[in-house]
Amino acid sequence: MSASVVVILVLAVGTYAFRLVGPALHGRVELPARVRELLAAGAVVLLAALLATGALTEGGGFAGWARPAGVLVAVALAWRRAPFPVVVLGAAATAAGLRALGVS
């Protein structure tokens, strides 16, 4: 078995174990309110970091201005509770329009 297959299997087993722990411990472990608040804040921070990384970088460098502009348009449309297809099309149109104008 190659090293890649072993790594994939270990990650698969770990992921499955995490999925089993929730239902297995439900009702048995009570987290303090402060821990629940910190976990919620941590989830928001991780999602924001993922958004920033995906929106601003490509291949280890800056992705250019068109992609972040598209993301900002998507955020603005989502904030105004636009339907999901409108959010996606608005972001894509913004990025494509800027790239067509020569803004990378």
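Here is a short walk through a few features of this predicted model, from a surface patch to a pair of packed helices.

Let's start on the outside. Val21, Leu25, Val29, Leu31, Val35 and Leu39 together make a nonpolar surface patch of about 470 Å². Two elements give two or more residues to this patch: helix H1, covering 3–25, and helix H2, covering 33–56. If you'd like one residue to click on, try Val35, which sits in helix H2. Val35 has a relative accessible area of 33%, so it counts as partly exposed; that label is for values between the 20% and 50% cut-offs.

Now move along the chain to helix H3, residues 66–79, and helix H4, residues 84–100. When two helices pack, the pair is described by the angle between their axes and how far apart those axes are. For H3 and H4, the angle is about 155° and the axes lie 8 Å apart. Angles over 145 degrees count as roughly antiparallel, so H3 is roughly antiparallel to H4. As for handedness, H3 passes H4 in a right-handed crossing.

While you're looking at H4, pick out Leu89, which belongs to that helix. Is Leu89 buried or exposed? Its relative accessible area is 60%, and because the cut-off for exposed is over 50%, Leu89 is exposed. You can also check its spacing to Val73: the two residues are 16 apart along the chain, and their C-alpha atoms are separated by 10.0 Å.

Note on methods:
Residues are numbered from 1 along each chain as its sequence is written. This is a predicted model: local features need pLDDT of at least 70, side-chain atom pairs count only at pLDDT 80 or more; totals for chains, interfaces and linings use all residues. Side-chain values use heavy atoms; hydrogens and water are left out. Helices (H or I, at least four residues) and strands (E, at least two) are DSSP runs, numbered from the N terminus. Buried means under 20% relative accessible area, exposed over 50%, partly exposed in between (1.4 Å probe, protein chains only). Patches are made of residues with over 30% relative accessible area and no salt bridge: like charges are joined within 9 Å, nonpolar side chains (Val, Leu, Ile, Met, Phe, Trp, Tyr) within 5 Å. Accessible areas come from the Shrake-Rupley method with a 1.4 Å probe; for residues, only the protein chains shown count as cover. A salt bridge is a side-chain nitrogen of Lys or Arg within 4 Å of a carboxyl oxygen of Asp or Glu. Axes are lines fitted to C-alpha atoms, for helices over the stretch in contact, and angles run from 0 to 180 degrees between N-to-C directions. Angles under 35 degrees count as roughly parallel, over 145 as roughly antiparallel, 65 to 115 as roughly perpendicular and the rest as oblique. A crossing is left-handed if the near helix is turned anticlockwise from the far one by less than a right angle, and right-handed if clockwise.
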